[in-house]
Amino acid sequence: MRDNDGHQFGRLPATESDREVEGRPTREAVVDFWQDRYGIPTATWDDYSFWERGSGKIWAFHGEVPSPARIQGLGMSVLRTDHEHWKPTTNAAQRFGGLATDCVIHLDDPEATAFLAGHDQDIDRWEGDWGYLVVTHDIGGEPEPIGTGLYLYGELRSQIPKGRQRDL
């Protein structure tokens, strides 16, 4: 078994039997996560390769490069797997969340404004599983994903990174 090197990108193995770095998630597990939790079709990821840089920081790249890759950035950061519950990034929610059919919560104008400013808020209408949700809001008359929220105990906690929070 090799060790994880936080200074380079390592391609996720296709399956557990292909794993060379202990604890590294597999491509199969990542694709299944998006399908099982959010209903995002597995075919969405057909042209993407998945990479880990650091422990549990998963990136998606539309294309292929040799592995390992000693570069600073590769595609888009899409998932954090270093905790008990995997967390989609804001970028992933905004890019792929429009395909989600499960674990999606829609916010009205005041709620979306508070969410984008980084505020937690009591929202008791969610009847699904607790955990990370794709958060949407109407933009141009259509629901659009605006980020990831953590729903626990009747509270939606904004996961918008501090540098991207906005007072609207």
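## Strands and the open sheet

Two strands count as paired when DSSP finds at least two bridges between them. With that in hand, let's walk through this predicted model. Five strands make an open sheet in the order E1-E2-E3-E4-E5, and the pairing is antiparallel. At its edges sit strand E1 (10–11) and strand E5 (87–88), each of which pairs on one side only.

Going across the sheet, E1 and E2 are joined in the antiparallel sense by two bridges, and one pairing to look for is Gly-10 with Glu-52 in E2. Glu-52 also has a bridge partner in E3, namely Ile-58. E2 and E3 run antiparallel and share five bridges. Further along, strand E3 (residues 57–62) and strand E4 (residues 76–80) are antiparallel too, with four bridges between them. Here Ala-60 has Met-76 of E4 as its bridge partner.

## A covered strand and its hairpin

How many residues of strand E2 (residues 48–52) are buried? Five of its five, so to speak of E2 as mostly covered is fair. The cover is on both faces: Tyr-48, Phe-50 and Glu-52 are buried on one side, and Ser-49 and Trp-51 are buried on the other.

E2 and E3 also form a hairpin, with four residues between the strands. Look for Gly-54 there, which takes a positive phi near 80°.

## E6, E8 and E9

Now for another group of strands. Strand E8 (residues 131–139) has seven buried residues out of nine, so the rest of the structure largely encloses it. E8 pairs with E6 in the parallel sense over four bridges, and it pairs with strand E9 (residues 142–152) in the antiparallel sense over nine bridges.

Val-135 is a handy landmark in E8. Val-135 is the bridge partner of Ile-105, and Val-135 also has Gly-147 in E9 as a bridge partner. E8 and E9 make a hairpin with two residues between them, and Gly-140 in the turn has a positive phi of about 65°.

## Two odd backbone angles

Most residues other than glycine have a negative phi. Cys-103 goes the other way, with a positive phi near 55°. You'll find Cys-103 in the loop between helix H2 (90–96) and E6. Is Cys-103 buried or exposed? Its relative accessibility is 12%, so Cys-103 counts as buried.

Tyr-153 is another non-glycine residue with a positive phi, this one near 50°. Tyr-153 sits in the loop between E9 and strand E10 (155–158). Its relative accessible area is 65%, which means Tyr-153 is exposed.

## Salt bridges

Side chains of opposite charge can pair when their charged atoms come close. Searching the whole structure turns up three salt bridges. One joins Arg-37 and Asp-129, with 3.8 Å between the closest N and O atoms. This pair links distant parts of the chain: Arg-37 is in helix H1 (residues 27–38), while Asp-129 is in the loop between E7 and E8, 92 residues apart. Arg-37 is buried because its relative accessibility is 17%, whereas Asp-129 is exposed at 52%.

Glu-111 and Arg-125 form another salt bridge, at 2.9 Å from N to O. Glu-111 is in helix H3 and Arg-125 is in the loop between E7 and E8, so this pair ties together parts that are 14 residues apart in sequence. Glu-111 is buried, with a relative accessible area of 14%, and Arg-125 is partly exposed at 41%. Then there is Arg-157 with Glu-155, whose closest N and O atoms are 2.9 Å apart. Arg-157 is partly exposed at 29% relative accessibility, and Glu-155 is partly exposed at 22%.

## Acidic spots on the surface

Which residues form the negative surface patch? They are Asp-108, Asp-109, Asp-138, Glu-142 and Glu-144. Asp-108 is in the loop between strand E6 (104–107) and helix H3 (109–116). Its relative accessibility is 40%, so Asp-108 counts as partly exposed.

Asp-122 is another acidic residue to check, and it lies in strand E7 (residues 121–122). At 69% relative accessibility, Asp-122 counts as exposed. Asp-122 and Arg-157 are 35 residues apart in sequence, and their C-alpha atoms are 8.7 Å apart in space.

Technical notes: Residues are numbered from 1 along each chain as its sequence is written. This is a predicted model: local features need pLDDT of at least 70, side-chain atom pairs count only at pLDDT 80 or more; totals for chains, interfaces and linings use all residues. Side-chain values use heavy atoms; hydrogens and water are left out. Patches are made of residues with over 30% relative accessible area and no salt bridge: like charges are joined within 9 Å, nonpolar side chains (Val, Leu, Ile, Met, Phe, Trp, Tyr) within 5 Å. Accessible areas come from the Shrake-Rupley method with a 1.4 Å probe; for residues, only the protein chains shown count as cover. A salt bridge is a side-chain nitrogen of Lys or Arg within 4 Å of a carboxyl oxygen of Asp or Glu. Lys and Arg count as positive and Asp and Glu as negative; His and the chain ends are not counted. The place of a charge is taken as NZ of Lys, CZ of Arg, CG of Asp or CD of Glu. Buried means under 20% relative accessible area, exposed over 50%, partly exposed in between (1.4 Å probe, protein chains only).
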